[in-house]
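Subject: Structure handover

Hi,

Here is the structure I promised to pass on. Have it open while you read, and my notes follow below.

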Amino acid sequence: MSKVHVKTGDTVILLTGKDEYQYNDPKDKSKGRKTGKVVAVSPKEGKVIVEGFNVVTKHVKPTRMGQVGGIVETESAIYADKVQLVCPKCDQPTRVGRVVEDGKKLRVCKKCGKSFE
């Protein structure tokens, strides 16, 4: 069980996997990597759920009268090691540093040195 470097609401990029590039063309890296917001974090498992990443289809059966069944697309969890935080100040993918100022623990961008909180 390790500490997860992202929180709910952070913007992240995917470092590896099927959704790594924006237009699903790994040969053309000029289009950039896909970004998304973190929806949920599970620190015990070391996984995160990100909007638009790792979308899987699921067959759903109607459980009540009037409810529609069918094929539903949902985001699945991915390991937190596969995502990297995008600094809101400098808009660059960055690593996270931790600093204590005035008794508060802050996360700091390793590139620009500014805190996110």
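**What I found**

There are zero aromatic pairs in the structure (rings of Phe, Tyr and Trp, the last by its six-membered ring, would pair with centres within 6.5 Å; planes under 30 degrees apart would be stacked, over 60 edge-to-face and the rest tilted). Before you go further, this is a predicted model, where local features need pLDDT of at least 70, side-chain atom pairs count only at pLDDT 80 or more, and totals for chains, interfaces and linings use all residues. Residues are numbered from 1 along each chain as its sequence is written, and side-chain values use heavy atoms, with hydrogens and water left out.

**The chain overall**

The protein chain has nine strands and zero helices, giving the pattern β-β-β-β-β-β-β-β-β along the sequence. Both kinds of element are DSSP runs numbered from the N terminus: helices are H or I with at least four residues, strands are E with at least two.

Of its 117 residues, 25% count as buried. Buried means under 20% relative accessible area, exposed means over 50%, and partly exposed is in between (1.4 Å probe, protein chains only). The accessible surface of the chain is about 8400 Å², and carbon and sulfur atoms hold 49% of that; the areas come from the Shrake-Rupley method with a 1.4 Å probe, and for residues only the protein chains shown count as cover.

Among contacts in the chain with a separation of 6 or more, 45% link residues 24 or more positions apart. A contact here is heavy atoms within 4.5 Å.

**The sheet**

Five strands make an open, antiparallel sheet in the order β6-β3-β2-β1-β7. β6 (78–79) and β7 are the edge strands with a single partner each, so one side of each has no neighbour in the sheet. Two strands count as paired if DSSP finds at least two bridges between them. As a reminder, strands of a sheet pair through backbone hydrogen bonds, either parallel or antiparallel.

Going through the pairs, β1 joins β2 (residues 35–42) in the antiparallel sense over three bridges, and Val 12 has Gly 36 as its bridge partner in β2. β2 also runs antiparallel to β3 (residues 47–50), with four bridges between them. Two of the facing residues there are Val 41 opposite Val 48 and Val 38 with its bridge partner Val 50.

The β2–β3 hairpin has four residues between its strands, and Gly 46 in it takes a positive phi near 75 degrees. Glu 45 is in the loop between these strands too, and counts as exposed because its relative accessibility is 55%. Its C-alpha is 8.2 Å from that of Tyr 79, although the two are 34 residues apart in sequence. Tyr 79 also has the charged end of Lys 47 sitting over its ring, 4.9 Å from the centre (the cut-offs are NZ of Lys or CZ of Arg within 6 Å of the ring centre and within 35 degrees of the ring normal).

**Two buried polar residues**

Asp 10 is in the segment before β1 (11–14), and it counts as buried because its relative accessibility is 13%. Its side chain makes a polar contact with the backbone nitrogen of Lys 7 at 2.8 Å. For that term, N or O atoms must be within 3.5 Å; within protein, one must be able to donate a hydrogen and the other to accept it, and residues adjacent in sequence count only if both atoms are side-chain atoms. Leaving out residues up to four places away in sequence, Asp 10 touches Gly 36, Lys 37, Val 38, Leu 85 and Arg 107.

Thr 94 is in the loop between β7 (83–85) and β8 (96–101) and, at 3% relative accessibility, is buried. A polar atom of its side chain lies 3.3 Å from the backbone nitrogen of Lys 110. With the same sequence neighbours left out, residues touching Thr 94 include Gln 84, Cys 87, Cys 109 and Phe 116. The C-alpha atoms of Thr 94 and Gln 84 are separated by 6.7 Å, ten residues apart along the chain.

**Positive phi outside glycine**

Asp 91, in the loop between β7 and β8, has a positive phi of about 55 degrees and is exposed at 58% relative accessibility. Asp 102 has a positive phi near 55 degrees; this residue lies in the loop between β8 and β9 (104–109) and is exposed at 83%.

Cheers
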